[in-house]
Amino acid sequence: MSDQLKSEKTKGGQKKLVFVVFGPQGCGKSTQVARLAEAQKLRVFEAGEVLRQMSLGDEEIHKAVSQGKLISAVKMLEIVKSEIESKHDLVGYIFDGYPRDAGQFSDFETLARQNNWLVAGIFINLSDESAKTRLASRYSLVNGKRIVRQDDLPQVVQKRLRTFREVTLPLKAKFKEEFTLLAIDGEPTVDEVTAEINDAVDRFLGVA
């Protein structure tokens with residue numbers, strides 16, 4: 001989308017464009033967020049990566065990440081506030097992994113109102129079976145060896161998926177009620193999902 005169209009949609013730049021991408025583990029959020037960020041020229045706040053980096057020096061965060069648990073809403077709000085205050089001049093954001101529960105959503109909603117954000121939640125749906133299959137094949141190369149990330153171990157994945165269904169999935173209704181919800185099928189190929197997201201975003205911005 002052109003900067004002119006974006007400016008018109010956000011009322012001359014008064015509103016910042018903010019997307020929140022969420023879905024079960026393995027739905028391809030990171031890839032789709034990167035593509036959307038490039039297309040819309042927005043900064044990405046990837047909560048999981050931020051927390052993994054911070055866990056190196058914060059015992060509370062380290063314990064939560066290693067056990068597949070959510071950190072407190074207060075702690076997460078501090079991190080998000082620090083980010084948006086330090087980057088106040090940006091056109092907008094894509095949040096990946098935040099908000100993740102009702103408490104975080106309440107904080108996010110307050111931030112959105114205070115900062116005059118134009119918000120849409122992008123929900124990428126994926127079955128538990130597909131999620132487990134995808135995560136089982138994910139690994140990193142360390143010194144030539146395949147290493148499975150600690151939070152991708154089978155016992156942790158099961159817990160993470162259960163937490164998502166119980167804690168994060170209800171945010172679909174909240175985004176639909178308070179902002180806009182763009183529902184995406186995450187089962188097709190990566191490129192097909194990207195195309196669906198682009199079409200939905202264009203409709204949301206009124207440029208389709």
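A residue is called buried when its relative accessible area is under 20%, exposed when it is over 50%, and partly exposed in between, with a 1.4 Å probe and protein chains only as cover. The model shown is predicted, so local features need pLDDT of at least 70 and side-chain atom pairs count only at pLDDT 80 or more, while totals for chains, interfaces and linings use all residues. Residues are numbered from 1 along each chain as its sequence is written, and side-chain values use heavy atoms, with hydrogens and water left out.

**View A. The whole chain, with 10 helices and seven strands**. Helices (H or I, at least four residues) and strands (E, at least two) are DSSP runs, numbered from the N terminus. Of the 208 residues, 41% count as buried. The chain exposes about 11,000 Å², and carbon and sulfur atoms supply 49% of this area; accessible areas come from the Shrake-Rupley method with a 1.4 Å probe, and for residues only the protein chains shown count as cover. Among contacts (heavy atoms within 4.5 Å) with a separation of 6 or more, 74% are between residues 24 or more positions apart.

**View B. Helix α8 and its buried residues**. This helix covers residues 154-168, 15 residues in total, and reaches 20 Å from its first C-alpha to its last, close to the 21 Å expected at 1.5 Å a residue. The expected span is 1.5 Å times one less than the number of residues. The buried residues of α8 are V156, V157, R160, L161, F164 and T168. Seen down the axis of α8, these buried residues fall within an arc of 135°, so they line one face of the helix; the arc is that of the directions from the helix axis to the C-beta atoms. An α-helix has 3.6 residues a turn, so residues three or four places apart point the same way. On the other side of α8, Q155 and E166 are exposed.

**View C. The surroundings of helix α8**. The cover over its buried residues includes the strands β1 (16-22) and β4 (117-125). The helices α4 (59-67), α7 (128-136) and α9 (171-178) also belong to this cover. Q67, which lies in helix α4, is partly exposed at 30% relative accessibility. The C-alpha atoms of Q67 and R160 are separated by 9.0 Å, although the two residues are 93 residues apart along the chain. R162 lies in α8 and, at 41% relative accessibility, counts as partly exposed. From C-alpha to C-alpha, R162 and P24 are 9.4 Å apart in space, while 138 residues separate them in sequence.

**View D. A salt bridge between helices α2 and α10**. A salt bridge is a side-chain nitrogen of Lys or Arg within 4 Å of a carboxyl oxygen of Asp or Glu, and by this rule the count comes to seven. The side chains of D191 and R35 meet in one of them, at 2.8 Å from N to O. The pair links distant parts of the chain, since D191 belongs to helix α10 (residues 190-205) and R35 to helix α2 (residues 29-40), 156 residues apart. D191 is exposed, with a relative accessible area of 52%, whereas R35 is partly exposed at 33%.

**View E. Further salt bridges, at E46 and in helix α6**. E46 pairs with R52, the closest N and O atoms being 3.7 Å apart, and E46, E49 and R52 are linked in a network of salt bridges. R52 is partly exposed, at 25% relative accessibility. Within helix α6 (residues 102-115), R113 and E109 lie four residues apart, about one turn of the helix. Their side chains form a salt bridge of 3.7 Å, N to O. Both are partly exposed, R113 at 48% and E109 at 21% relative accessibility.

**View F. The largest nonpolar core, with 28 residues**. Such a core is a set of buried Ala, Val, Leu, Ile, Met, Phe, Trp, Tyr and Cys residues joined through side-chain atoms within 4.5 Å. The residues with the most contacts inside this core are M76, F95, Y98, F108, W117 and F175. Two or more residues each come from β1, α3 (47-54), α4, α5 (73-86), β3 (92-96), α6, β4 and α9. Helix α5 gives the largest share, five residues. Not counting residues up to four places away in sequence, F95 touches V18, F19, V20, V21, F45, V80, I84, F108 and W117. Apart from this core lies another, of 26 residues, among them C27, A120, I124 and I197.
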